[in-house]
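Hello,

Here is the structure for you to look over. My notes follow below it.

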Amino acid sequence: MTNALLEDLKWRGLVYQQTDEEGIEKLLDNEQVTLYCGADPTADSLHIGHLLPFLTLRRFQEHGHRPVVLIGGGTGMIGDPSGKSEERKLLNEEQIEQNVQGIAEQMHRLFEFDTEKGAQLVNNKDWLGQISLIDFLRDYGKHVGVNYMLAKDSIQTRLENGISFTEFTYTILQAIDFGHLNRELNCKIQIGGSDQWGNITTGIELMRRMYGQTEAYGFTIPLVVKADGKKFGKTEGGAVWLDPEKTSPYEFYQFWINVSDDDVIKFLKYFTFLSHDEIDRLEQSLQEAPHLREAQKALAEDVTRFIHGQDALDDAIRISDALFKGDLKSLSADELKAGFKDVPQVELSLETTNLVDAIVETGISSSKRQAREDINNGAIYINGERQQDLKYELSEEDKIEGEFTIIRRGKKKYFMVNYK
């Protein structure tokens, strides 16, 4: 009988490679397994491109297994060459420590740490930082052949453009991590994205050479690819971060609710903990009534609630509804800034108050004749309210919290008017 956890992971499309499929299934059937996944602190926040391995690790916890969450305070000082075409810029220790703290806070949203059998958070700087150069070369480097390392995809893809000895050794450092956690915490499985396969298998090989027969397995999940071939997790404004200061909960929610029909069911399986029956129902709704966007709403609500909490989700939905209805005056300046982050920003002289002159000066309308026509036709809205008076004068009352005015031309062309 197939293990229930593995069956669920396969149904969700989360199984890419296993070093020993039969061995992993037998292990999961017979004991509570300790396993780990890691991230290097290259920034003070994770972005959604990092989410899938950790959500998969959380699924193991949901089935009674114990996750170890590793933040690479040590490996982060070196840089993983996997998936990179050139050398990473090295961060200093202060930057890395700040990044470690930021990511650690986010991990407490993703995992249950407080129970007796809860997740455990570790920093590989605690053991890698204790290894001298001589110890590294004698105790570890001696066991890893150069030809073996050169065969790794993460190394091969960098040879043409060049790779430093520093990044060349990265895979050994991650191998040391797996060996350390295996010996100290009885950690038997490492999981990661498919780009981590080489690092994971190096860890298993190092343990075999150093300790002899060792029970250790590797498990990777597919890298997320959108149906249109574009990179997942990126918007015109850049990465979609988990930190609400970098990506507001409203922007986060909007990213997920705007997922295409071609991707939404796959992403529901990947990123939510909704049941098979519920996802099947949403897939049927997508086929029969795609205009309702039920699947996208479920995806956006579930992921936003999980990462930011119910209150932040409620605010994101409220802002979305207000913007959709044009009820701008019900929102604060900060909420409007988040909602209109990507709309054109235009400037208006403080001396210009007549509406016709204002929309010409800002380029909202191309000429005074066009401006008068737009106003007469009811195409101009100020902070969500239609304005058809050609003699209308903009005043302090039109400045939201004294900062800016939102002018809309037609159905969808919004402009944020700032004053100079």
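How exposed is Asn-186? Asn-186 is partly exposed, at 42% relative accessibility. The cut-offs are these: buried is under 20% relative accessible area, exposed is over 50%, and partly exposed lies in between (1.4 Å probe, protein chains only).

Some ground rules. This is a predicted model, in which local features need pLDDT of at least 70 and side-chain atom pairs count only at pLDDT 80 or more, while totals for chains, interfaces and linings use all residues. Residues are numbered from 1 along each chain as its sequence is written, and side-chain values use heavy atoms, with hydrogens and water left out.

The whole chain

The chain has 19 helices and 13 strands. Both are DSSP runs numbered from the N terminus: helices are H or I with at least four residues, strands are E with at least two. The C-alpha trace spans about 85 × 50 × 40 Å along its principal axes. Of the 420 residues, 51% count as buried. Take the contacts with a separation of 6 or more: residues 24 or more positions apart account for 72% of them. Contact means heavy atoms within 4.5 Å.

Two backbone oddities

Most residues other than glycine have a negative phi. Asn-186 has a positive one, near 55°. Asn-186 sits in the loop between α10 (170-185) and β5 (187-193). Arg-293 is not a glycine either, and its phi is positive at about 50°. Its loop runs between α14 (276-288) and α15 (294-308). Arg-293 is partly exposed, with a relative accessible area of 29%.

A buried glutamine

Gln-18 belongs to strand β1 (residues 17-18). At 16% relative accessibility, Gln-18 counts as buried. Which residues is Gln-18 in contact with, leaving aside its neighbours within four places in sequence? They are Leu-6, Ile-24, Trp-197, Gly-218 and Phe-219.

A helix pair

Two packed helices are described by the angle between their axes and the distance between the axes. Helix α3 (residues 51-62) and helix α13 (residues 261-271) have axes that come within 9 Å and cross at roughly 55°. That makes α3 oblique to α13. The axes are lines fitted to C-alpha atoms, for helices over the stretch in contact, and angles run from 0 to 180 degrees between N-to-C directions. Under 35 degrees is roughly parallel, over 145 roughly antiparallel, 65 to 115 roughly perpendicular, and the rest oblique. From α3, Leu-51, Leu-52, Leu-55 and Arg-59 meet Lys-269, Tyr-270 and Phe-271 in α13. The residues of this contact divide into five nonpolar, no polar and two charged. Here Ala, Val, Leu, Ile, Met, Phe, Trp, Tyr, Cys and Pro count as nonpolar, Asp, Glu, Lys and Arg as charged, and the others, Gly among them, as polar.

A five-stranded sheet

Five strands form an open sheet with mixed pairing, in the order β9-β13-β12-β10-β11. β9 (345-348) and β11 (385-386) stand at the edges with a single partner strand each, so one side of each has no neighbour in the sheet. Strands pair if DSSP finds at least two bridges between them. β10 (residues 380-382) and β11 pair in the antiparallel sense over two bridges. Ile-382 stands opposite Glu-385 in β11.

Annotations

Both come from UniProt, in an unreviewed entry. Positions are in the numbering used here, feature names are shortened, and annotations may be inferred rather than shown by experiment. "Domain: RNA-binding S4" covers residues 354-415. That span is 26% helix and 23% strand, and its end C-alpha atoms lie 17 Å apart. "Short sequence motif: 'HIGH' region" is placed at residues 41-50. There the chain is 0% helix and 0% strand, with end C-alpha atoms 11 Å apart.

Best wishes
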